[in-house]
Amino acid sequence: MTAPEPHPVAEPYAVVVPTIGRPCLSDCLRALAATAGPPPAEVVVVDDRPAPDGELPLEAAGELRPRIRVLATGGRGPAAARNTGLRAVAAPWVVFLDDDVQVLPDWGTELAADLAAADARTGGVQGRLTVPLPTDRRPTDWERGTAGLETAAWATADMAYRALALKEAGGFDERFRRAFREDADLALRVMAAGWTLVRGRRVTRHPVRPADRWASLRAQRGNADDVLMNRLHGADWWGRARAPRGRLPAHLAVTGLALAATALAACGRRRAAGLAGALWALGTAEFAHARIAPGPRTRQEVVTMALTSAAIPPLAVRHWLTGQVTHRAARPLGRTR
């Protein structure tokens, strides 16, 4: 009879889970408690609800419940929540999980292998995210956007960092108030401090969370975060962070055409206004087609894409301009001038 393979020897780790009280937290904790392998030394759930209106579903953690502590940050954003969790733990490794992920049954064993394989200059080990998509139809625009996490670099949906590397890098930059770009910013600073980041073997499931018709409009606030990234890391940060470029240049052009058509019409230049309006319509139609073509093409999806494709360019430009003003004097973390 073959003896079972022993667990890889790895340093202790803590888990930090920021949450805004979504119901998916119970699934996250339940999966974490059920995984095989060495358990976390402790789990810190950071309650970032601005106004908590009930208890968090911690009982879902089962036997892991005694290891869980809850800290409150009052709605300061995921970067501040993760920093709060980081300061509260003593383990040499800190694993950040989002509250909408579910680790797989062998996650703990694979995490131990990931940490045991890390050399002395490995500052972080990323988990592999898998996004379940419908098998009976093409994914929607929102579902495809979530599926992009499978290839995202250094996403803190499941990211293990050496605590020393985080200390040297200064932790998360709390100027990033949303769950966007704060992980890329941290990764660039960790690597700039001389650490390496690698992709591990462990796998974590990231379901597509429910979203309403206007979710893509709210996502345009990320254009302001991209301005902050430019200020902190230079215009070439996209390549170093392995981040895909968005459509901001096209949005600027389409929005400019809409403004030009309006201004020309007000000046009585009907022919020029008509040309600018036609070009705006062409640009908007191209954007809508790019989002509709790979999707399920249901009536609801087509209507949603048509409406939001007209609204996204001016919203993206508005948030980009807001970012230019808000972050005009931003300096890298720890630098005052």
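Okay, let's start with one residue: Glu42 is buried, at a relative accessible area of 17%. I'm calling that buried because the cut-off is under 20%. Before I go on, keep in mind that what's on the screen is a predicted model.

So what does Glu42 meet in a salt bridge? Its side chain meets that of Arg69, at 2.9 Å, N to O. Arg69 counts as partly exposed, with 34% relative accessibility. Now look at where the two of them sit: Glu42 is in strand β2, residues 42-47, while Arg69 is in strand β3, and the pair links distant parts of the chain, 27 residues apart.

That brings us to the sheet. If you haven't met sheets much yet, the strands in one pair through backbone hydrogen bonds, and they can do that parallel or antiparallel. Here we have 8 strands in an open sheet, and the pairing is mixed. Reading across, the order goes β3-β2-β1-β4-β7-β6-β8-β5. Which strands are at the edges? Those are β3, residues 68-72, and β5, residues 102-103, and each of them pairs on one side only. So Arg69, our partly exposed residue, lies in strand β3, and that's an edge strand.

Let's move over to β6 and β8. Strand β6 covers residues 122-130, strand β8 covers 196-205, and they pair in the parallel sense over 7 bridges. If you want to find one of these spots on the screen, go to Thr122: its bridge partner in β8 is Thr196.

Stay in β8 for a second, as there's a salt bridge here too. Arg201 and Glu110 meet through their side chains at 2.9 Å, N to O. Arg201 is in strand β8 and Glu110 is in helix α3, residues 107-117, so this pair ties together parts that are 91 residues apart in sequence. And are these two buried or exposed? Arg201 counts as exposed, at 53% relative accessibility, whereas Glu110 counts as buried, at 17%.

Here's another pair: the side chains of Asp47 and Arg49 meet in a salt bridge at 2.7 Å, N to O. Both of those residues are buried.

How many salt bridges are there if you search the whole structure? The search finds 25. Some residues are joined up in a network, too: Arg22, Asp99, Asp100 and Arg209 are linked by salt bridges that way.

Okay, that's my tour. Have a look for Glu42 and Arg69 on the screen, the pair that meets in a salt bridge, and shout if you get lost.

Key. Residues are numbered from 1 along each chain as its sequence is written. This is a predicted model: local features need pLDDT of at least 70, side-chain atom pairs count only at pLDDT 80 or more; totals for chains, interfaces and linings use all residues. Side-chain values use heavy atoms; hydrogens and water are left out. Two strands pair if DSSP finds at least two bridges between them. Helices (H or I, at least four residues) and strands (E, at least two) are DSSP runs, numbered from the N terminus. A salt bridge is a side-chain nitrogen of Lys or Arg within 4 Å of a carboxyl oxygen of Asp or Glu. Buried means under 20% relative accessible area, exposed over 50%, partly exposed in between (1.4 Å probe, protein chains only).
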